[in-house]
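Reader: Could you take me through one helix of this model in detail, and show me how it sits in the rest of the chain? A relaxed, connected account would suit me well.

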Amino acid sequence: MSIKSIHTDNAPAAIGPYSQAVTDGHTVYVSGQIPINPATGEFAGATIEEQAKQSLTNISNILKAAGTDMSHVVKTTVLLKNIQDFAAMNEVYATFFTAPYPARSAFQAADIPKGALVEIEAIAVLD
């Protein structure tokens, strides 16, 4: 097995000792993405909708750098600052995926880095 780190300037740089994503040859593991716009270094907005869209856009850009796309995502994990934001996040989430939808877990987290409202991680397969 050969592990390869994935990096793109179209997603926020890692803020610690981790990669934006890694591949093991057939699978891409995308680290949790908070809603930072990589062009500005700031949150994409203050609402759960704006932040969920940016987190998912970051994932999409990382997957593109890895040679795949959102249609190959098999599992996501969504961390929400407030579980009451689930329905609004879900509306945005639905615009990024088509059937068959990835498996998903969603949790309320006590605190998300930098005070974000959402963090999303993903696992995708490569062709």
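Author: Let's start with the order of elements, which from the N terminus on is β-β-β-β-β-α-β-α-β-β. The radius of gyration of the chain, taken over C-alpha atoms, is 14 Å, close to the 14 Å that the globule rule (2.2 Å times the number of residues to the power 0.38) gives for 127 residues, so the chain is as compact as a globular protein of that length. In total there are 2 helices and 8 strands; these are DSSP runs numbered from the N terminus, with H or I over at least four residues for a helix and E over at least two for a strand.

A word on the basis of all this: the model is predicted, so local features need pLDDT of at least 70 and side-chain atom pairs count only at pLDDT 80 or more, while totals for chains, interfaces and linings use all residues. Residues are numbered from 1 along each chain as its sequence is written, and side-chain values use heavy atoms, with hydrogens and water left out.

Now to the helix I would pick, H2, which spans residues 86–94. Its buried residues are Ala88, Met89, Val92 and Tyr93, where buried means under 20% relative accessible area, exposed means over 50%, and partly exposed lies in between (1.4 Å probe, protein chains only). These residues cover an arc of only 140° around the axis, which puts them on the same side of H2; the arc is that of the directions from the helix axis to the C-beta atoms. The general background is that an α-helix has 3.6 residues a turn, so residues three or four places apart point the same way.

What lies over that side? The cover of the buried residues of H2 includes helix H1 (48–66), strand S6 (73–80) and strand S7 (103–108), with contact taken as heavy atoms within 4.5 Å.

Following the chain onward from H2, you come to the loop between H2 and S7, where Pro100 has its place. Here Ala99 and Pro100 are joined by a cis peptide bond, with omega about 0°. Further along, the loop between S7 and strand S8 (118–125) holds Lys114. Lys114 is not a glycine, yet has a positive phi of about 60°, and is exposed at a relative accessible area of 55%. For context, most residues other than glycine have a negative phi, and most peptide bonds are trans.

H1, one of the elements covering H2, deserves a look of its own. Asn58 lies in H1 and is buried, with a relative accessible area of 0%. Leaving aside residues up to four places away in sequence, Asn58 touches Asn10, Ala11, Pro12, Gln33, Ile34, Ile36 and Pro38. Ala66 is also in H1 and counts as buried at 15% relative accessibility. With the same exclusion of residues up to four places away, the contacts of Ala66 are Ile6, Thr23, Val28 and Leu126.

Such links across the sequence fit a wider count: among contacts in the chain between residues at least 6 apart in sequence, 69% join residues at least 24 apart. Finally, buried residues make up 40% of the 127 residues in the chain, and the C-alpha atoms fill a box of roughly 40 × 30 × 25 Å, taken along the principal axes.
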